[in-house]
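These are my notes from a first look through a structure that was new to me. I went after the ligand, then the empty spaces, then the odd spots in the backbone.

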Amino acid sequence: MKTLLSDFHILPDADGHFGPFGGRYVGETLMPALIALEEAFDREWKNPDFLHEFKSILADYAGRPTALYRADRLSALVGGAGIWLKREDLAHTGAHKINNTVGQVLLAHCMGKKRVIAETGAGQHGVATATVAARFGMECAVFMGCEDIRRQAPNVERMRLLGAEIISVKSGTGTLKDAMNEALRHWTACVEDTFYVIGSVAGPHPYPLMVREFQKIIGEEARKQLLDKTGGLPDLLVAAVGGGSNAMGLFYPFIDTGVELIGVEAAGEGLETGLHAACLSRGSVGVLHGSKSYVLQTNDGQIREAHSVSAGLDYPGIGPEHALFKECGRVSYVGATDREALAAFKLLTLTEGIMPALESSHALVTAIQEARKRPENQNIIVCLSGRGDKDMANATGYRDFDKIDPFTIFGLSS
Ligand SMILES: *Cc1c(COP(=O)(O)O)cnc(C)c1O
């Protein structure tokens, strides 16, 4: 029998479970720190002074509210439903990640911590954390796999200029999952004065809850903005899922409505090739980063490397609340390949003069495919989670980039 989302009244429960997922799979030494964090978050998230400061930093420093833009030329070209873009690319540092880092670093500040640490893969979360740490005059150390340090040189330089120390992680494959393990291990040794800033709705309780709460401003704004412009709710929301925070941020304020929700995972070279990051479509239940969810793993439980042209979706896990939404059927999860994402990247840039992040381009693929199937009176909101300048070299350097033709890939007439 299928579980219904309404069977779970308050999510997560007291131990951080979203149905069978989530929880706190960490060593004993970290439990007191997680409990202290949970208490501080519970207290501050009800404190009008904290809420006021959070909102005003988001407004004056991060540039919120971000625009909701109807992509008229893209919609006309595609035909069918109207495509609206929630412009997180316009937020400070160029993506939605700033909403969460403002929340967590402000909380760290309120807890009297002097230092923040973070893990990063592509460097986007590291940059967002280093940015807000600079804003608060806090020390910042970022754990990064040695392989990623080599691949993401511009972001490493940005973090250094922001005053962050980069800690190179050489264990394993020298990528994100190794940086996460190392950051958790390091935190155990310095919980007294250090706050660990996690970059998505992942990790042990209370992180998935806390990050959702900091990111839900995306959906709250979008809901109000579309109501002002059309007088109604959208018909469909689409967002890319890496760890799942921009998707959760957009979806959560609509969870109790009839609005359709689709999360788009990176299908990389294709789901059947094994070279992808599609935890929900192709992974299995396991424990990663202190929480139970769908993960990419080998038969004997070793975490597998994820693969995607988009560095931000290249994560072998997914937030536990998404795992529950999948099981309940409240959200559908589909995949978009590297080539499809690159086609959407080209098409939005050409038709609207907006260059999307490659992560966001995955959401656009599904939005374009869905718009074509739907009548003109329907409205689709896509989370344009970030700007694409950071991806230019990666995109244009992709094999046969010039031959990727959006009109052919999406079946459009030019
Ligand atoms: C990091 C990132 C993502 C993926 O992370 P989520 O937690 O799934 O949102 C998506 N888009 C952009 C622009 C990113 O930087």
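**Entry 1: around the ligand**

I started with the ligand and its 16 surrounding residues, of which Lys-97, Ser-200, Gly-244, Ser-245 and Ser-385 come nearest. I should jot down early that this is a predicted model.

Next I looked up some polar contacts. The side chain of Lys-97 has an N or O atom 2.6 Å from an oxygen atom of the ligand. For Ser-200, I also found a polar side-chain atom 2.6 Å from a ligand oxygen. With Gly-243 it's the backbone that takes part: a polar atom there is 3.2 Å from an oxygen atom of the ligand. How much of the ligand's accessible area does the protein cover? I got 97% of the 380 Å² that the ligand has on its own.

I also sorted the shell around the ligand by class, and got 3 nonpolar, 11 polar and 2 charged residues.

**Entry 2: the cavities**

Rolling a probe the size of a water molecule over the atoms shows where empty space is left. I counted 3 cavities of 30 Å³ or more in this structure.

Which cavity matches the space taken by the ligand? It turned out to be the largest cavity, and I noted about 440 Å³ of space in it. Its lining has 32 residues, with Lys-97, Gly-199, Ser-200, Gly-243 and Gly-312 nearest the centre. The elements giving two or more residues to this lining are β5 (115-120), α5 (124-136), α8 and α11 (245-251). By class I have 10 nonpolar, 17 polar and 5 charged residues lining the largest cavity.

The second largest cavity has a volume of about 50 Å³. Among the residues lining it are Ala-202, Leu-288, His-289, Tyr-315 and Ile-318. Strand β12 (residues 291-295) gives the most to this lining, with 3 residues. The split here is 5 nonpolar, 5 polar and no charged residues.

**Entry 3: the largest pocket**

I then turned to the open spaces. The largest pocket holds about 770 Å³ of space. It is lined by 29 residues, and those closest to its centre are Ala-122, Arg-151, Gln-152, Ala-311 and Asn-394. Helices α6 (146-151), α7 (153-161) and α8 (176-189) are the elements that give two or more residues to the lining. Which of them gives the most? That's α7, with 3 residues. I put the classes for this pocket lining at 8 nonpolar, 11 polar and 10 charged.

**Entry 4: odd spots in the backbone**

Most residues other than glycine have a negative phi, and most peptide bonds are trans. I went looking for exceptions.

The bond from Arg-64 to Pro-65 is cis, with omega near -5°. I located Pro-65 in the loop between α2 (48-60) and β3 (68-70). The bond from His-205 to Pro-206 is cis as well, with omega near 10°, and Pro-206 is in the loop between β8 (194-197) and α9 (207-215).

For phi, I wrote down Thr-93, which isn't a glycine but has a positive value of about 70°. Thr-93 is in the loop between β4 (82-87) and α4 (97-110). Then there is His-289, with a positive phi near 55°. Where does His-289 sit? I found it in the loop between β11 (284-288) and β12. I'd already met His-289 in the lining of the second largest cavity.

Note on methods: Residues numbered from 1 in each chain as written. Predicted model: local features only at pLDDT ≥ 70, side-chain atom pairs only at ≥ 80, totals over all residues. Heavy atoms only, no water. Near = heavy atom within 4 Å. Polar contact = N/O pair within 3.5 Å; in protein donor to acceptor, adjacent residues only side chain to side chain. Areas by Shrake-Rupley, 256 points an atom, 1.4 Å probe, with all protein chains shown as cover. 1 Å grid on protein atoms, 1.4 Å probe; cavity = no way out; pocket = protein on both sides within 12 Å on 5 of 7 lines; lining within 4 Å. Sits in = over half its atoms within 2 Å of the grid points. Nonpolar A, V, L, I, M, F, W, Y, C, P; charged D, E, K, R; others polar. Points joined across faces, edges and corners; volume = space filled by probe spheres on them. Helix = DSSP H or I, 4+ residues; strand = E, 2+ residues; numbered from the N terminus.
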